Amino acid sequence: MNASSVFTGPLLLIQLCIRTVISFFTRVLDNAVSWTEGGCAGPSTDPHVIKASSNAVTPTSVNYHFTRKCNYKCGFCFHTAKTSFVLPLEEAKRGLKLLKDSGMEKINFSGGEPFLHEKGDFLGKLVQYCKEELQLPSVSIVSNGSMIKEQWFQKYGDHLDILAISCDSFEEATNQLIGRTQGRKSHLDNLYKIQNWCLKYKVAFKINSVINTFNVDEDMTEHIIKLNPVRWKVFQCLLIDGENAGEEALREAERFIISDEQFQEFLDRHNSISCLVPESNEKMRNSYLILDEYMRFLDCRQGRKDPSKSILDVGVSGAISFSGFDEKMFLKRGGKYVWSKADMKLQW
């Protein structure tokens, strides 16, 4: 037996012991570094601490609901008139500049009815600011169409990329049942008029439809082909606690809800329409970055709208981590698309 074989066993044992000790102290030090002030006080009761995401989110596409007021009474509305607040114009612009500086490429203005406040002039000034000053690639609006005048297109149309008009049925009686109407005005006549204005003033025309109990069996193919929108967004009616469901809600949308199977049947009936973009409850719920009238991100993960602090107070990064935004679902549902009219190569 040589000398090296005598000492090999004990040396290996000593090396193993040293590695074990080093590993132990490494774990202790790692834990010590991760501790923060107040870390022994138990879990925080602040909901912002609980819900904050550690993943950085870029606000590529943002939906700004700057008003909750509306002249329609759609029974399933999930952003209702719980306040009448609207930010002053310069404050709204300041928030939009913060979003642009954080990476925003597309802004969508919605409500409520966005053309209601100051007869659309407030909205027009925001649209113009976003395109001229911020030079955003895409500026869009979602409206019920009832308040839009041709003079608005003449003044602000150049700055708008996409105008989406909400239309849930091509039967006036069904629109009356849903609440998408005002007095005796024809929602459908207005829809076709606005489509012509979009062609005239070179604004991409889009249609949004919420599929529910009253229209789920309808065949809309003929009208959609005739109107020829760049996109037809088809939403499955969604319940949001505090908005259209629950004790504090201003709407009761339970009677409008359809099953996943019914929604799929509607999609199958319209599968020949290439511009159709379907959004089930699963795809819709957390895949939008929504700013409310105070410029707070709304987190819908718990089936309600939990607001962050305003970006005007804490900045975009300080608020967006509480948005509950699911970026993977945003991409899966086709949230990123050709959204600048300059790139659409449309035949006006």
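A crossing of two helices is called right-handed if the near helix is turned clockwise from the far one by less than a right angle. Keep that in mind for the close-ups below, which show a predicted model.

**View 1. The whole chain, before we zoom in.** The protein chain has 13 helices and 10 strands. Of its 348 residues, 49% are buried. Now look at the contacts in the chain with a separation of 6 or more: 74% of them are accounted for by residues 24 or more positions apart.

**View 2. Helix α3 passing helix α11.** Two packed helices are described by the angle between their axes and the distance between the axes. Here the players are α3, residues 89-101, and α11, residues 311-320. Their axes come within 10 Å and cross at roughly 15 degrees. Angles under 35 degrees count as roughly parallel, so α3 and α11 are roughly parallel to each other. The crossing of α3 past α11 is right-handed, just like in the opening definition. Who is doing the touching? On the α3 side you'll find E91, R94, G95, L98 and L99, and they meet I311, L312 and V316 of α11. Sorted by class, this contact has 5 nonpolar residues, 1 polar residue and 2 charged ones.

**View 3. Helix α3 again, this time with helix α4.** The axes of α3 and α4 come within 11 Å, and they cross at roughly 30 degrees. This crossing is right-handed too. From α3, the contact takes in L89, A92, K93, L96 and K97, while α4 brings F122, K125, L126, Y129 and C130. The class count reads 7 nonpolar, no polar and 3 charged residues.

**View 4. The largest nonpolar core, and Y64 inside it.** In soluble globular proteins, nonpolar side chains tend to be buried together. The largest nonpolar core in this model has 67 residues. Y64, L96, I107, F109, L163 and W232 are the ones with the most contacts inside this core. Which helix gives the core its largest share? That's α4, residues 121-133, with 6 residues. There is also a second, separate core of 15 residues, and Y72, I178, F235 and M284 are among them. Back to Y64: leaving aside neighbours within four places in sequence, its contacts include L87, A92 and L96, along with I107, F109 and L126. Y64 is also in contact with L291, D292, E293 and M295.

**View 5. F76, tucked into a loop.** F76 lies in the loop between β1 (61-65) and α3. Is F76 buried or exposed? Buried means under 20% relative accessible area, and F76 has 4%, so F76 is buried. Its C-alpha atom is separated from that of E254 by 8.1 Å, even though the two residues are 178 residues apart along the chain. Not counting residues up to four places away in sequence, F76 touches D168, I178, R180, V210, N212, C237, N244, A253 and F256.

**View 6. S272, out in the open.** You'll find S272 in the loop between α9 (260-269) and β7 (276-279). With a relative accessible area of 58%, S272 is exposed. The C-alpha atoms of S272 and T221 are separated by 8.3 Å, with their positions 51 residues apart along the chain.

**View 7. D121 in helix α4.** D121 lies in helix α4. At 22% relative accessibility, D121 counts as partly exposed. In sequence, D121 and K155 are 34 residues apart, and in space they are 9.5 Å apart, C-alpha to C-alpha. D121 touches K155 and Y156, if you skip residues up to four places away in sequence.

**View 8. Some backbone oddities to look up.** Start with the peptide bond from G111 to G112: it is cis, with omega near 10 degrees. G112 is found in the loop between β2 (106-110) and α4. Next comes K202, which is not a glycine but has a positive phi of about 55 degrees. K202 sits in the loop between α7 (187-200) and β5 (204-211), and its relative accessible area of 46% makes K202 partly exposed. Finally, K345 is a residue other than glycine with a positive phi, near 55 degrees. K345 belongs to the segment after α13 (341-344), and K345 is exposed, with a relative accessible area of 74%.

Key
Residues numbered from 1 in each chain as written. Predicted model: local features only at pLDDT ≥ 70, side-chain atom pairs only at ≥ 80, totals over all residues. Heavy atoms only, no water. Axes fitted to C-alpha atoms, helices over the stretch in contact; angles between N-to-C directions. Helix = DSSP H or I, 4+ residues; strand = E, 2+ residues; numbered from the N terminus. Parallel < 35°, antiparallel > 145°, perpendicular 65-115°, else oblique. Contact = heavy atoms within 4.5 Å. Nonpolar A, V, L, I, M, F, W, Y, C, P; charged D, E, K, R; others polar. Core = buried A, V, L, I, M, F, W, Y, C linked by side-chain atoms within 4.5 Å. Buried < 20%, exposed > 50% of the residue type's maximum accessible area, 1.4 Å probe, protein only.
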